[in-house]
Amino acid sequence: MTRPAPSMRLVRKARSSKDRLLRFAVDEAPAYLWNSRTPVRPGCVIFAQGRTGTWLLHSLLNQHPELHFGKEILQQPVLWPSRYVLSKARAAQPAFYGCHIQVNQLLNTQRIDAKGFIKGLSDQGWHILHLRRENIIRQSISAILAVQRGQWVAHKAISAPQPMVEIDIDQVIERIRRRQHHAACEAEVLADVPHLSLIYEEDLEQETSHQPTADRIFRYLNVDLAEISAKTHRTTPQRVQDVLTNYDQLMDKIALTFPELM
């Protein structure tokens, strides 16, 4: 009698477990053991949602000779999130280490107390940069367009008009709800945690704001000032209405669902 083939769910679970063990052996375990008795120089967390300009901010800060900023290091589950971040900071020494962490990665991926995690780092002397985007409609559209195009960052300025596309309106609505929920979570986490607030539209969207923003951050981190220039560019430089074929229908639905955003 032929044995039934395992379901795709079991296959995916087995593959996920294997990948998890491989990541632990190759990345986590060495990180936890690397000079574990060496004191850790307090670093910096960029606490931000996706599509808020974090790639651009990384490219600016990493031009400073004393700084080393990693990307989203808690995208995958790790055994001890706090120890993992500290181990990355220890391995980067003598450079001043920083990384990008999203609140949903703490809540949903690591399944830990987000407030306790961020406050714990702050109490150890870590600096917290809170980057947010005021236009969450554009932020949500940007996230979906990035997935559709398979492009999250542009290393060269885009000058040619981009082809128009149709966007899933229900996906945008769901994304906006998620952004609002995560923004509320961020506010709760940072309620009594010292931090430097940054707004994409004011501090990063225009090239003329890059150096003043970087200088402000360098002063906050107590490092020398340094000249910087943008190494990444906007993936959708033109107006959203010039890219979406169903822009009017989308805005009508958003106006009905989120009148407070209009």
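Student: How much area does the protein chain expose, and what share of it do carbon and sulfur atoms supply?
Tutor: The protein chain exposes about 14500 Å², and carbon and sulfur atoms supply 54% of that. Accessible areas come from the Shrake-Rupley method with a 1.4 Å probe; for residues, only the protein chains shown count as cover. This is a predicted model, where local features need pLDDT of at least 70 and side-chain atom pairs count only at pLDDT 80 or more, while totals for chains, interfaces and linings use all residues. Residues are numbered from 1 along each chain as its sequence is written, and side-chain values use heavy atoms, leaving out hydrogens and water.

Student: What makes cysteine 99 count as buried or exposed?
Tutor: Buried means under 20% relative accessible area, exposed over 50%, and partly exposed in between (1.4 Å probe, protein chains only). Cysteine 99 has 0% relative accessibility, so it counts as buried. Over the 262 residues of the protein chain, 45% count as buried.

Student: How many disulfides are there, by the rule?
Tutor: The count is zero. A disulfide is a pair of cysteine sulfur atoms within 2.5 Å.

Student: Why is cysteine 99 without a bond to the closest cysteine sulfur?
Tutor: That sulfur belongs to cysteine 44 and lies 8.1 Å away, which is too far for a bond.

Student: How do you know whether cysteine 185 is in a disulfide?
Tutor: Look at the nearest cysteine sulfur, that of cysteine 99: it is 19 Å away, and cysteine 185 is in no disulfide. With a relative accessible area of 14%, cysteine 185 is buried.

Student: What makes a set of residues a nonpolar core?
Tutor: The residues must be buried Ala, Val, Leu, Ile, Met, Phe, Trp, Tyr or Cys, joined through side-chain atoms within 4.5 Å. In soluble globular proteins, nonpolar side chains tend to be buried together. Here the largest core has 27 residues, and Val45, Phe47, Leu74, Val85 and Ile118 have the most contacts inside it.

Student: Which element gives the largest share of this core?
Tutor: H3 does, with five residues. Elements giving two or more residues include helix H1 (8-33), strand E1 (44-48), helix H3 (81-92) and helix H7 (169-189). Helices (H or I, at least four residues) and strands (E, at least two) are DSSP runs, numbered from the N terminus. The protein chain has 10 helices and five strands.

Student: What is valine 85 in contact with, leaving aside neighbours within four places in sequence?
Tutor: Contact means heavy atoms within 4.5 Å. The partners of valine 85 include Ile73, Leu74, Tyr97, Cys99 and Trp126. Apart from this core lies another, of 23 residues, among them Ala48, Leu131, Ala214 and Leu221.

Student: What is the peptide bond from glutamine 93 to proline 94, cis or trans?
Tutor: It is cis, with omega near 15 degrees. Proline 94 sits in the loop between H3 and E3.

Student: What is the sign of phi at arginine 111, positive or negative?
Tutor: Positive, at about 55 degrees, although arginine 111 is not a glycine. This residue is in the loop between H4 and H5.

Student: Why is arginine 111 called buried or exposed?
Tutor: Its relative accessible area is 72%, so arginine 111 is exposed.

Student: What about asparagine 222: buried or exposed?
Tutor: Exposed, because its relative accessibility is 65%. Asparagine 222 also has a positive phi, about 60 degrees, although it is not a glycine. The loop that holds asparagine 222 runs between helix H9 (210-220) and helix H10 (247-257).
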